[in-house]
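Trainee: I have a model open and I'd like to learn how to read it feature by feature. Can we go through it together?

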Amino acid sequence: MTFYEVTFYVLAVVALLSAILVITCRNPVHSAIFLVLTLLSVALIFLQLQAEFMAAVQIIVYIGGIMVLFLFVIMLVNLDVAVRQAPYNRQRWIAGFAALVLLAEFALFIYRGRDWAKLPPAAAEAVQPNTELIGRALFQSYILPFEVASLLLLVAMVGAVLMAKKR
């Protein structure tokens, strides 16, 4: 095994274990921290695949922005009331069925082997620097939706700050 394979498997195991801990932790702050660890390991996998833009977006947007909002909401919500309420567990059968279907898909993939889901290799001229192409498309073709999305995020952030100041 090469160094890249070992690091990929280590990062994949860290991502899976921390994702499981996100779901199983009872403390919401601990769950949010494990979610940050999951997102960070996915960003490192993107870096290993030479998708620098995706790794940067993963870190800046998800870890930097979304997780701050999650922690902000966790701190604003009255957790004492939420802990005392009875959990809503009517979806156990649906979750169990979905887990069985996913397990069957994994078993089929392992049974059929690696060549079953193999994609044809991309031509050498089709591979171009992804960050430059994404930047050009974002700031030339899609500048209006990009600016509208940034304006919506700014309004949401200002609204969250104003809601927090009222309390």
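What follows is a chat about confidence, fold, burial, core and pocket.

Trainee: How far does the confidence of the chain go, and which helices have the lowest and highest values?

Mentor: Start with the general idea: where pLDDT is low, don't read the predicted coordinates in detail. This is a predicted model, and the chain averages a pLDDT of 82, with 82% of its residues at 70 or more. Among the elements, helix H4 (residues 79–84) has the lowest mean, 60, while helix H1 (residues 3–24) has the highest, 93.

Trainee: How many helices and strands does the chain have?

Mentor: There are 7 helices and 0 strands, so from the N terminus on you read α-α-α-α-α-α-α. For contacts with a separation of 6 or more, 54% come from residues 24 or more positions apart.

Trainee: Is serine 31 buried or exposed?

Mentor: Buried is a matter of relative accessible area, and the cut-off is under 20%. Serine 31 has 11%, so it counts as buried. This serine lies in helix H2, and beyond its neighbours within four places in sequence it's in contact with Leu21, Val22 and Cys25. Across the 167 residues of the chain, 10% count as buried.

Trainee: And which residues make up the largest nonpolar core?

Mentor: The general idea is that in soluble globular proteins nonpolar side chains tend to be buried together. Here the largest nonpolar core has 5 residues: Ala32, Leu39, Ile63, Met67 and Ile74. Helix H2 (28–48) and helix H3 (52–76) each supply at least two of them, and H3 gives the most, with 3. Take alanine 32 as a way in: leaving aside neighbours within four places in sequence, this residue is in contact with Met67, Leu71 and Ile74.

Trainee: Now the largest pocket. How much space lies in it, and which residues lie nearest its centre?

Mentor: With a pocket, look at the volume, then the lining, then the chemistry. The largest pocket holds about 740 Å³ of space. Its lining has 23 residues, and Ile60, Val61, Gly65, Ile66 and Leu153 lie nearest the centre. The elements giving two or more residues to that lining are H3, helix H6 (130–141) and helix H7 (143–166).

Trainee: Which element gives the most to the lining, and what classes of residue are there?

Mentor: H3 gives the most, with 11 residues. By class, you have 19 nonpolar, 4 polar and no charged residues in the lining. So H3 is a helix to keep in view, as the top contributor to the largest core and to the lining of the largest pocket.

Definitions and conventions. Residues are numbered from 1 along each chain as its sequence is written. This is a predicted model: local features need pLDDT of at least 70, side-chain atom pairs count only at pLDDT 80 or more; totals for chains, interfaces and linings use all residues. Side-chain values use heavy atoms; hydrogens and water are left out. A nonpolar core is a set of buried Ala, Val, Leu, Ile, Met, Phe, Trp, Tyr and Cys residues joined through side-chain atoms within 4.5 Å. Buried means under 20% relative accessible area, exposed over 50%, partly exposed in between (1.4 Å probe, protein chains only). Helices (H or I, at least four residues) and strands (E, at least two) are DSSP runs, numbered from the N terminus. Contact means heavy atoms within 4.5 Å. On a 1 Å grid over the protein atoms alone, a cavity is a set of points where a 1.4 Å probe fits but cannot get out, and a pocket is an open set with protein on both sides within 12 Å along at least five of seven lines; lining residues have an atom within 4 Å of a point. Grid points are joined across faces, edges and corners, and a volume is the space filled by probe spheres set on the points. Ala, Val, Leu, Ile, Met, Phe, Trp, Tyr, Cys and Pro count as nonpolar, Asp, Glu, Lys and Arg as charged, and the others, Gly among them, as polar. pLDDT is the predictor's confidence in each residue, from 0 to 100.
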